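These entries record what I looked up in one structure, in the order in which I consulted it. The sequence and the model are shown first.

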Amino acid sequence: MNRIFMFSLSAVIIFTLSNHAQSAQFDIDMLNKRTDGEKMVYSQDVIHINTNDTINWLPTSPGHNVEFIAYPSNADVPQKPSKVGKEFSFTFIEPGIYLYQCSPHKSMGMVALVVVNDDTSNLDEVATTKVFGKSKKKLEQLISGL
Ligand SMILES: [Cu+2]
């Protein structure tokens, strides 16, 4: 093998390795209506991601936001709800389950989960977090599907 070929091969290997180590980005739409007919809903009820992955919540329909209401004890999540109708991004550092709701539609079942590294060690806390109205049944369904 000549030197140029060897150099190219090493470059490809290094690129592949570094690309693999890179964290991922995921988009979740905030919706008035989902394709399955659900109203006031996030495009994904439960998403499984890895440490250092980022989720971008998109204001695909207006009037929604993200408010974390249960999360791993050492997670540094925003303590205030995100701005209604604005894109919001968060990078998940701590493994565990994150429960969030849409503040304007928290009693209409607009709750969802992020599970980082498939770690469910804070499941009890998530299951006993106070949610409102239709979100009680929705949360039960999401948890039973984990
Ligand atoms: Cu909403």
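Which residues does Ala112 touch, not counting residues up to four places away in sequence? I note at the outset that the model is a predicted one.

**Entry 1: Ala112**

I found that Ala112 touches Tyr42, Gln44, Asp45, Val46 and Tyr100. I then looked up where the residue belongs, and Ala112 has its place in strand 8. One of these contacts bridges a considerable stretch of sequence: Val46 and Ala112 are 66 residues apart along the chain, yet 5.9 Å separates their C-alpha atoms. I also checked burial. Ala112 has 25 other C-beta atoms within 10 Å and therefore counts as buried, the cut-off being 20 or more.

**Entry 2: the faces of strand 8**

I next asked how many residues of strand 8 are buried. The count is six of six, and the strand is mostly covered. In a regular strand, side chains alternate between the two faces of the sheet. I accordingly examined each side in turn. Val111, Leu113 and Val115 are buried on one side of strand 8, and Ala112, Val114 and Val116 are buried on the other.

**Entry 3: the sheet around strand 8**

I traced the sheet to which strand 8 belongs. It is an open sheet of four strands in the order 3-8-7-5, with mixed pairing. Strand 3 and strand 5 (67-70) are its edge strands, each pairing on one side only. On average, neighbouring strands here are turned by 30 degrees against each other, direction ignored.

I then took the partners of strand 8 one at a time. Strand 3 (residues 46-49) pairs with strand 8 in the parallel sense over four bridges, and Ile49 has Val116 as its bridge partner. Strand 7 (residues 96-101) runs antiparallel to strand 8 and is joined to it by six bridges. Within that pairing, Ile97 stands opposite Val115, and Tyr98 has Val114 as its bridge partner.

I also looked for a helix against these strands. Helix 3 (residues 134-144) lies across strand 3, strand 7 and strand 8, and runs at about 25 degrees to strand 8.

**Entry 4: the other open sheet**

I turned to an open sheet of four strands in the order 2-1-4-6, whose pairing is also mixed. Why is one side of strand 2 and of strand 6 (88-91) left without a neighbour in the sheet? Both stand at the edges and have a single partner strand each, so one side of each has no neighbour there. The twist of this sheet averages 15 degrees from one strand to the next.

I looked up one pairing in this sheet in detail. Strand 4 (residues 54-58) and strand 6 pair antiparallel over four bridges, and Asn56 stands opposite Ser89 in strand 6.

**Entry 5: two positive phi values**

Finally, I noted two residues with a positive phi that are not glycine. Met40 has a phi of about 50 degrees and lies in strand 2 (residues 39-42). Met40 counts as buried because it has 21 C-beta neighbours inside 10 Å.

Asn117 has a positive phi near 60 degrees. Asn117 lies in the loop between strand 8 (111-116) and helix 2 (123-127). Is Asn117 buried, exposed or partly exposed? With 14 other C-beta atoms within 10 Å, Asn117 is partly exposed.

Conventions: Residues numbered from 1 in each chain as written. Predicted model: local features only at pLDDT ≥ 70, side-chain atom pairs only at ≥ 80, totals over all residues. Buried ≥ 20, exposed ≤ 12 C-beta atoms within 10 Å, placed from the backbone. Pairing = 2+ DSSP bridges. Axes fitted to C-alpha atoms, helices over the stretch in contact; angles between N-to-C directions. Contact = placed C-beta atoms within 7 Å.
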